[in-house]
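Hi there,

I'm handing over the structure we talked about, and my notes on it follow below. Could you load it first and keep it open while you read?

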Amino acid sequence: MSPRAGTPGPHTLAFVESPVQLLNVLEWAHVHAPHATEAGDRAPGTGPDRSSVRPAGAGLTLVVLSPNDPMTRGQLRRVAELARDEGYQVRWEEARGGTTAPFHTIGGLAPLLRRARRIVMGDPFSRYVQLLLTITKARDLVVVDDGTATMEFVAQLARGERLVRWHRRGGRPGARDVLFAPISSSARRRLTPSEGRRVEVFSSMPIDSAPDGVTITANDFSWTRARFGPPRITKGADLVGTSLVETGVVDPDRYLEAVRSLAKTHGATRYFAHRRESTDKLHRLAVETGLEIVRPDLPLELIARRGPIGRTILSFPSTVVHTLPLALVGTDVRVAVCDIDPAWLTETASPRAQGFLSGVTGTARDVHRLSSVATA
């Protein structure tokens, strides 16, 4: 076993359900067991020199709880290839492949869960992950970023509240929520530090305070920067999409108008779609704005670092306004974020939506803030 593998392992089990979570597990492993190879002098946009990369050992096993969405599955497979290139074992689970799939998945993972000394997870709000936490006896728990939801997780943990995603707050719990409540409460207790139980949050998000006993470790995307880039930078602007329409937060017509205005004002030509954006919405955007719709096959942090990428990246409040400046540090790329106007929100949006989104924008570092589309 190489020295690099010794720190994440032995018997470290990581559960991921999205490409960003998987990327952040790789970043966590890199920080806890730094690789000897640095970025070096490579041509812009090229990948790592594999001849100089020593494989990691088998101390970390990555378990992909695969969703059904084709776009997410495709990105997960690409990032899983990168993880295998790093020497990590990747176990792909068709966790949602039918009615009996969860039983087969949990039954197959039970022996690994019982042996694991450390559990790394990308989404503590996931019912799947919460259920798996009831099986493990691991005393070392790590939460890596699942986007801006990490900030809400830490805040809820500090307040002792039940774990609920921010865009669902304010609504009445459904029947499934009530049935799952005991498992969710158990997961929250497991994620609360105590004597003999360590909890770490590995994040690029601005977390100013955390519950007593929770260790906050900064994610600066050092693995991404060491492996890829620097990128070739184009003269124009690129626009980053969001799934706020799909989650019922933002009105689709208002969103389309905002995208059209931003693209016209800044001369954007490409629109990098979020993996959860619907095909119908993207088709409408292409027809009515003239933007080239790009469906990335990797998380945007890797796409931007590999290049080519616009000199200006435009975004609405989302995870990338925190992560892209870190991944692109040392380049001339400018990240600009446009606030969500309260008038864009749907009638069914969570009462906390506006405050949460404003917080995402207001706490972003090294970004240019556009107060509204009208003043962009």
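A cavity here is a set of grid points where a 1.4 Å probe fits but cannot get out, and a residue lines it if one of its atoms is within 4 Å of such a point. Please keep in mind that this is a predicted model.

**The cavities**

With that definition in hand, how many cavities of 30 Å³ or more does a search of the whole structure find? The search gives 2. I'd like to take you to the second largest cavity, whose volume is about 30 Å³. Its lining is made of G122, D123, P124, F125, V143, V144, D146, A149 and T150. Strand β5 (140-144) and helix α6 each contribute at least two of these residues. By character, the lining of this cavity splits into 5 nonpolar, 2 polar and 2 charged residues.

**Aromatic rings**

One of those lining residues, F125, leads on to the aromatic rings. The number of aromatic pairs comes to 4. In one of them, F125 meets F153 edge-to-face, with 6.3 Å from centre to centre and 85° between the planes. The angle is over 60 degrees, which is why the pair counts as edge-to-face. F125 sits in the loop between β4 (118-121) and α5 (127-133), while F153 belongs to helix α6 (residues 149-159), so the pair ties together parts that are 28 residues apart in sequence. Are these two rings buried or exposed? Both F125 and F153 are buried.

Another edge-to-face pair is formed by W223 and F228, at 6.0 Å centre to centre and with 80° between the planes. Here too, W223 and F228 are both buried. Elsewhere, Y255, F316 and W344 make up one aromatic cluster. There is also a charge over a ring: R77 lies over the face of W92, at 4.0 Å from the ring centre.

**The second largest pocket**

Helix α6 turns up again in the second largest pocket, where it provides the largest share of the lining, 4 residues. The space in this pocket is about 210 Å³. In total, 13 residues line the pocket, and M151, A155, P206, I207 and D208 are the ones nearest its centre. Which elements give two or more residues to this lining? They are α6 and α13 (353-362). The lining residues of the pocket divide into 7 nonpolar, 3 polar and 3 charged.

**Strands**

Strand β12 (residues 334-338) has 4 of its 5 residues buried, so it is largely enclosed by the rest of the structure. Strand β11 (residues 309-315) runs parallel to β12, and 4 bridges join the two. As an example to look up, S315 has V337 in β12 as its bridge partner.

Two valines in other strands may also be worth a click. V201 is in strand β6 (residues 198-203). The relative accessible area of V201 is 1%, under the 20% cut-off, so V201 counts as buried. From V201 to A218 the C-alpha distance is 8.5 Å, although the two are 17 residues apart in sequence. V214 is in strand β7 (residues 214-218), and at 12% relative accessibility V214 is buried as well. The C-alpha atoms of V214 and L191 are 9.2 Å apart in space, and the two residues are 23 apart along the chain.

**Backbone points to check**

If you plan to set up calculations, here are some backbone details. Where are the cis peptide bonds? One joins G229 and P230, with omega at about 0°, and P230 is in the loop between α8 (222-227) and β8 (233-240). Another joins G307 and P308, with omega at about -5°, and P308 is in the loop between α11 (300-306) and β11.

Finally, have a look at F221. Its phi is near 60°, a positive value in a residue other than glycine. F221 lies in the loop between β7 and α8 and is buried, with a relative accessible area of 1%.

Happy browsing, and do write back with any questions.

Best wishes

Methods. Residues are numbered from 1 along each chain as its sequence is written. This is a predicted model: local features need pLDDT of at least 70, side-chain atom pairs count only at pLDDT 80 or more; totals for chains, interfaces and linings use all residues. Side-chain values use heavy atoms; hydrogens and water are left out. Rings of Phe, Tyr and Trp (its six-membered ring) pair if their centres lie within 6.5 Å; planes under 30 degrees apart count as stacked, over 60 as edge-to-face and the rest as tilted. Buried means under 20% relative accessible area, exposed over 50%, partly exposed in between (1.4 Å probe, protein chains only). A charge sits over a ring if NZ of Lys or CZ of Arg is within 6 Å of the ring centre and within 35 degrees of the ring normal. On a 1 Å grid over the protein atoms alone, a cavity is a set of points where a 1.4 Å probe fits but cannot get out, and a pocket is an open set with protein on both sides within 12 Å along at least five of seven lines; lining residues have an atom within 4 Å of a point. Grid points are joined across faces, edges and corners, and a volume is the space filled by probe spheres set on the points. Ala, Val, Leu, Ile, Met, Phe, Trp, Tyr, Cys and Pro count as nonpolar, Asp, Glu, Lys and Arg as charged, and the others, Gly among them, as polar. Two strands pair if DSSP finds at least two bridges between them.
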